[in-house]
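Trainee: I would like a close look at a single part of this protein. Please pick one residue, start from how covered it is, and work outward from there.

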Amino acid sequence: MQYTNIPTLTAAEIKRLETLERRYRKTARTKFEQRVTYYHKITGGRFTSITIRDQKSRWGSCSSSGTLSFNYRLIFAPAIVLDYVVVHELCHLTHMNHSKDFWNMVAAVMPDYQIHRQWLRDHGHELSLEAHLAKVGIPLNL
């Protein structure tokens, strides 16, 4: 967890943020498992596991062995944006590329996916625990 690089935080505040991050990661796992279960019925394919990470440059990934990985920070995005990333990764179970067939499959499941993809490009940098706490009025400092 990356909170030690914020110079104004005390040890207690860092511990508090780490605890909150663990809770949000747990919530994210539950949410991703629910959404994967829902959309998997539509997309098909075979996956082996779901992992939750804090990736710096990716919102999700799908390995050739069927591991679906999702960035926990998507829990701070609108639900439909989280769903878009789930659909995107599930479609990789059928098409392990970004071919026309892949994007056609994404569009068949979520016709307005381009709106949500653009939202991530425009607002993805805002998805962090610190930004979320500020948005809901919870200060970092105690």
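Mentor: Start with Tyr 84, which has a relative accessibility of 5% and therefore counts as buried, because the cut-off for buried is under 20%. Keep in mind throughout that this is a predicted model.

Tyr 84 belongs to helix H2, and Tyr 113, its partner in an aromatic pair, belongs to helix H4. A pair of aromatic rings is described by two values, the distance of the centres and the angle of the planes. For Tyr 84 and Tyr 113 the centres are 6.3 Å apart and the planes meet at 15°. The pair counts as stacked, because that class takes planes under 30 degrees apart. The two tyrosines are 29 residues apart, and their pair links distant parts of the chain. What about the cover on the partner? Tyr 113 has a relative accessible area of 8%, so this tyrosine is buried too.

The pair also has company. Ring pairs join Tyr 84 and Tyr 113 with Phe 102 and Trp 103 in a cluster. The count of aromatic pairs in the model comes to seven.

Now look at the helix that carries Tyr 84. H2 runs over residues 79–91. The helix has 13 residues, and from its first C-alpha to its last it reaches 18 Å. At 1.5 Å a residue, 18 Å is also the expected value, and the span of H2 is described as close to it. How much of H2 is covered? Eleven of the 13 residues of H2 are buried, and the helix is mostly covered. Among the buried residues are Val 81, Leu 82 and Asp 83, which come before Tyr 84 in the numbering. Others come after Tyr 84, including Val 85, Val 86, Val 87, His 88 and Glu 89. When you read along such a list, remember that an α-helix has 3.6 residues a turn, so residues three or four places apart point the same way.

Tyr 84 also takes part in the largest pocket. This pocket holds about 280 Å³ of space. There are 13 residues in its lining, and those closest to the centre are Trp 59, Tyr 84, His 88, Glu 89 and Leu 120. Two elements give two or more residues to the lining, namely H2 and helix H4 (113–123). H2 supplies the largest share, with four residues. Sorted by class, the lining has five nonpolar, four polar and four charged residues.

Next, the approach to H4. Helix H3 (100–109) is followed by a loop that leads to H4, and Asp 112 lies in that loop. Asp 112 has a relative accessible area of 36%, so this residue counts as partly exposed. Pro 111 is found in the loop between H3 and H4 as well. Pro 111 has a relative accessible area of 68% and is exposed, because the cut-off for exposed is over 50%. Compare these two values with the 8% of Tyr 113, which is buried.

Two C-alpha distances place this loop against other parts of the chain. Pro 111 and Lys 41 are 70 residues apart along the chain, and 17 Å separates their C-alpha atoms. For Asp 112 and Glu 21 the separation is 91 residues in sequence and 31 Å in space.

A further residue shows cover in a loop. Gln 55 has its place in the loop between strand E1 (49–53) and strand E2 (60–62). Its relative accessibility is 12%, so Gln 55 counts as buried. Its C-alpha is 5.8 Å from that of Asn 71, which is 16 residues away along the chain.

Finally, set Tyr 84 in the chain as a whole. The protein chain has five helices and three strands. From the N terminus on, their order is α-β-β-β-α-α-α-α. Taken along the principal axes, the C-alpha atoms fill a box of roughly 50 × 30 × 20 Å. Of the 142 residues in the chain, 43% are buried, and Tyr 84 is one of the residues that count as buried.

Methods
Residues numbered from 1 in each chain as written. Predicted model: local features only at pLDDT ≥ 70, side-chain atom pairs only at ≥ 80, totals over all residues. Heavy atoms only, no water. 1 Å grid on protein atoms, 1.4 Å probe; cavity = no way out; pocket = protein on both sides within 12 Å on 5 of 7 lines; lining within 4 Å. Points joined across faces, edges and corners; volume = space filled by probe spheres on them. Nonpolar A, V, L, I, M, F, W, Y, C, P; charged D, E, K, R; others polar. Phe/Tyr/Trp six-rings, centres within 6.5 Å; stacked < 30°, edge-to-face > 60°. Buried < 20%, exposed > 50% of the residue type's maximum accessible area, 1.4 Å probe, protein only. Expected span 1.5 Å × (residues − 1).
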